[in-house]
There are 4 protein chains.
Amino acid sequence: MAEPSGFKSIVNRIACQVHWGDCDPAGIIFYPTYFRWVDAASWALFEGAGYGPKWMRENHMAMPLVSAQCEFLAPALHGDRCEVRSSIGRFGGKSFVVDHEIVRADGTVLAKAQETRVWGRHVGGPGTPMKGQPIPDELKARFRAP
Amino acid sequence: MAEPSGFKSIVNRIACQVHWGDCDPAGIIFYPTYFRWVDAASWALFEGAGYGPKWMRENHMAMPLVSAQCEFLAPALHGDRCEVRSSIGRFGGKSFVVDHEIVRADGTVLAKAQETRVWGRHVGGPGTPMKGQPIPDELKARFRAP
Amino acid sequence: MAEPSGFKSIVNRIACQVHWGDCDPAGIIFYPTYFRWVDAASWALFEGAGYGPKWMRENHMAMPLVSAQCEFLAPALHGDRCEVRSSIGRFGGKSFVVDHEIVRADGTVLAKAQETRVWGRHVGGPGTPMKGQPIPDELKARFRAP
Amino acid sequence: MAEPSGFKSIVNRIACQVHWGDCDPAGIIFYPTYFRWVDAASWALFEGAGYGPKWMRENHMAMPLVSAQCEFLAPALHGDRCEVRSSIGRFGGKSFVVDHEIVRADGTVLAKAQETRVWGRHVGGPGTPMKGQPIPDELKARFRAP
């Protein structure tokens, strides 16, 4: 979903591997593993744009979920080396969509996921409830592909 | 999504609790936890209909995923006691949809999830690839609400 | 390890079940699952003594680990219903030991675990570092078996 | 624990990072995460010596646990980049000890873990019980530091 302005997002890539404990008795990846990867990939996407864990922590920011979905296209086995490719699908007022592709080293697309998240802040400091914040234009600009 | 024949599914309930390690630094449930619950809830739904882990294992059956999605409606905190209510949304030829509601003890619906799964079998025995199997009418009948 | 004073701890029990995703391609429980259970069991032990998640949160308390160990005595399979039986092994000045037995419904002891934890507090409030606190006698008294 | 013959093991290193979902409401790593890392590190150690996931799978081998322990020396935060350094502590007849150090990028040793494992085989093929196998001298030789 492109922005009306023709927004085109940077793509961040993280490496991951299917570990023994990520698999189930059928010998293939246990699907919540993909969501663990995808969550880590969203944080890495933001780190790549200058909003790393330390910055997020010091500014009491987090990115709570509105929804998440994943299509599973091919089974992954123990030892498979993969990459999660993540980009912003769309920026809304206080929320945004992150698109993810999970691709195995041989080029097979294993899964496609999408998360809708809120740009949230513990407005009263750590330990207080999170509230959605307007996404600054400066933030959006940092995700624009050159 | 009701079956044309007006299929109405049994509802299975499992209890779960938000543990310390299920939460993230924002102090709320880490969302892949819901997918772990929902997976366990699907297995419990089938156990309730007579297809328990032992039967599945002995018959080399599993239920690999086609897709999964979840909407997150309210944040859950460490210690929250919940219930996952699961039912068959639809039976296809070799696949089926499971609908889940995650409800906190105070009645708050925390999340709604949906999985599309295949009725799969390791046709050459354990360790061999899984293939989708036609879902027998007898199986469907066992999920019909009385 | 009994206290010099002959301290004998209450025993708390929590139910748990080996889920599909808790198992590995060998078809048995993936061992970090036991540590997840044991962590939840320690929190439940404290809840049973009056120090529930809500109290802990409001008082900025947590129980960080010094060490943890587990012996694995028998393999567990998908679907196995278990119980974690937890008790205080020893109270020190600011730390304590929790002993755990993981027992399957058929009476088989699957594993024995031990955690050494600190009675810790975010002394500057949420988001600040945790520091070990002297364990009050009143707390110790609540864990004494009648 | 060195072998009588003065066995000195190769050391395998894997990179890992503390993800958002690996942390708990205290904002530090949830300790079973270390055991997940350490399990993956043991598999990587064996892969480095020529016994990769594919070989293990085709030969119906696994490495079930006898015991596992970990000392936690310093807290890790979201975003911390780490390395697990793994080596064979000792080879027995059918079992072996793996020693692990978890070191943060700044050189801080976060944790030290030790696993005792069995060199196990599904002797009747996938889906059958695992039995300990004598560890071949050729295997031991591959772990000897040059």
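Buried area is the accessible area (1.4 Å probe) that two parts lose on being put together, summed over both. The tour applies this term to a predicted model, in which local features need pLDDT of at least 70 and side-chain atom pairs count only at pLDDT 80 or more, while totals for chains, interfaces and linings use all residues. Residues are numbered from 1 along each chain as its sequence is written, chains are lettered from A and ligands numbered from 1 in the order in which they are written, and side-chain values use heavy atoms, with hydrogens and water left out.

**Chains A and D**

Select chain A and chain D. About 1300 Å² is buried between them, and carbon and sulfur atoms give 59% of this area. Chain A is superposed on chain D, with an RMSD of 0.0 Å, by a rotation of 180° with 0.0 Å of shift along its axis; the fit is by least squares on the C-alpha atoms of residues with pLDDT of at least 70 in both copies. The two copies are therefore related as by a two-fold rotation axis. To locate this axis from chain A, centre on A:Cys16, whose C-alpha is the nearest in that chain, 4.7 Å away.

Next, display the contact residues (heavy atoms within 4.5 Å). Chain A contributes 16 residues and chain D contributes 16 residues. Of the contact residues of chain A, 100% recur in chain D, and the same surface serves both copies.

**Salt bridges and helices**

Now select A:Glu47 and D:Arg81, whose side chains meet in a salt bridge at 3.6 Å, N to O. The term requires a side-chain nitrogen of Lys or Arg within 4 Å of a carboxyl oxygen of Asp or Glu. Two salt bridges are found across the interface of chain A and chain D.

On the side of chain A that touches chain D, helix H1 (32-48) and helix H2 (53-58) each supply at least two residues; helices are DSSP runs (H or I, at least four residues), numbered from the N terminus. H1(A) gives the most, with five residues.

**Chains D and C**

Move to chain D and chain C. A turn of 180° and a shift of 0.0 Å along the axis lay chain D on chain C with an RMSD of 0.0 Å. In chain D, the C-alpha of D:Gln69 comes closest to the rotation axis, at 2.0 Å. Because 100% of the interface residues of chain D are also interface residues in chain C, the copies meet through the same surface.
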